[in-house]
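Me: Please take one part of this model and look at it closely, then place it among its surroundings. I am new to this structure, so please explain each term as it comes up.

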Amino acid sequence: MSGGFSLGFLSRVYQPEYSPRIYRETIELFEAAEALGFDTGWVAQHHFASEQGRLPSPLVLLSAIAQRTRRIGLGTAIIVLPQEPALRLAEDAAVLDLLSNGRLELGLGAGFDPDTFSAFGREHAQRHRDYENNLKRLQTALGNGPLNTDGLRLQPQVPGLGGRLWEATSRVEMVSARGNGLIMAPNPHLPTQAGIEAAQRYREAWTGDNGTPPRIARVQGVFPLAHSDALRADIHTYLKRQHSIGVYQGPLDGDFNETLQRLGVLHGSAQVITEGLKAGPRLGNHDHLIVQVQTASTPLREAIRALQVIAEEIAPALGWRPAVARPNKELSLS
């Protein structure tokens, strides 16, 4: 991995149950990350508590976060686009982008959970078709294109947001052709080299026709402090669910360290994690390293402390430097 990248974190808003505290703590996590110098924070959308994720409406929560922060970028990784009315998503994103002074990074994906598609009246088998149709409509709206025969256009207009779209997909050449950023994470069924090759294919296919640079957001599970027993239990629950819907085909009762390696989850000392991150796709000036430091049972205090270790020990060893000076005060870990 090269230096000069942006540092972000991802919260999947995992919790055993819904409560207002979940959302308040996510806001606090963003505040702490901003104080540590993180460049971006990202949240994932989960409907009906899929995977124990408790955030069906990421733009609503990010709007609250926008009012409690001033600098940190606000990303979605990802919104399940086939389940969204594209024009309504464009309107909500535009309002949030104005509220946050242009900090929104809009990450999109096709989704995978069959149960959620049936609840929305969508066909799981047609999700890629619906994704492409909705993406075209969304890009037209954000690009200030006409939306009907009378020439209606998106209001409010948000210049620049169309250049901050990200896609999570293995079809990297299509993402590149559209001029969008690529969100990528370790694939448990492929070797590490596959991710490196996918990043290279994305960059080689880039034309730059829309005036934006190629950009990769590399998502990685990083747990410098987690207790092995808690991490093991949470990951087993996660994999059991993924196995039940056909997403994960690996063993459920194999060696735990081999399971972590298969998932691309880095765990242990700062030095061990740093070496693990060096083995993945190289990142440059327009790219992001996005760390996930929480599972379903991770307390807020531990998540903040993990972000602190990453910002102070791990990311600097990879060449990252915070864009702004950090305040000279201790973070609240209460």
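Reply: What follows looks at one helix, then at its neighbours and some backbone details elsewhere.

This is a predicted model, in which local features need pLDDT of at least 70 and side-chain atom pairs count only at pLDDT 80 or more, while totals for chains, interfaces and linings use all residues. Residues are numbered from 1 along each chain as its sequence is written, and side-chain values use heavy atoms, with hydrogens and water left out.

The part chosen is helix α11, residues 300-317. Helices (H or I, at least four residues) and strands (E, at least two) are DSSP runs, numbered from the N terminus. The expected span of a helix is 1.5 Å times one less than its number of residues. For the 18 residues of α11 that gives 26 Å, and the C-alpha atoms at its two ends are 25 Å apart, which agrees. Even so, α11 has a kink of about 40°, centred on Ile 310. The bend at a residue is the angle between axes fitted to the seven residues ending there and the seven starting there. After the helix comes Gly 319, with a positive phi near 105°.

A residue is buried under 20% relative accessible area, exposed over 50% and partly exposed in between (1.4 Å probe, protein chains only). The buried residues of α11 include Leu 300, Glu 302, Leu 307 and Gln 308; Ile 310, at the centre of the kink, is also one of them. Among the elements that cover the buried residues are β1, α1 (20-36), β7 (216-223), α10 (270-278) and β9 (288-292).

Of these, α10 can be described further. Its axis and that of α11 come within 9 Å and cross at roughly 40°. Axes are lines fitted to C-alpha atoms, for helices over the stretch in contact, and angles run from 0 to 180 degrees between N-to-C directions. Angles under 35 degrees count as roughly parallel, over 145 as roughly antiparallel, 65 to 115 as roughly perpendicular and the rest as oblique. The pair α10 and α11 is therefore oblique. Their crossing is right-handed; a crossing is left-handed if the near helix is turned anticlockwise from the far one by less than a right angle, and right-handed if clockwise. Contact means heavy atoms within 4.5 Å. On the α10 side, Ala 270, Ile 273, Thr 274, Leu 277 and Lys 278 meet Glu 313, Ile 314 and Ala 317 of α11.

Strand β1 (residues 6-11), another element of the cover, contains Ser 11. Ser 11 is buried, at a relative accessible area of 2%. Apart from neighbours within four places in sequence, Ser 11 contacts Thr 26, Leu 29, Trp 42, Val 43, Ala 44 and Gln 294. In the loop between β1 and α1 lies Val 13, which is not a glycine but has a positive phi of about 50°. Val 13 is buried, with a relative accessible area of 3%.

Phe 48 also has a positive phi, near 55°. Phe 48 sits in the loop between β2 (40-43) and α2 (58-68), and is exposed at 57% relative accessible area.

Two cis peptide bonds complete the account. One runs from Ala 77 to Ile 78, with omega near 5°, and Ile 78 lies in strand β3. Another runs from Gln 155 to Pro 156, with omega near -5°, and Pro 156 is in the loop between α5 (127-142) and β5 (165-168).
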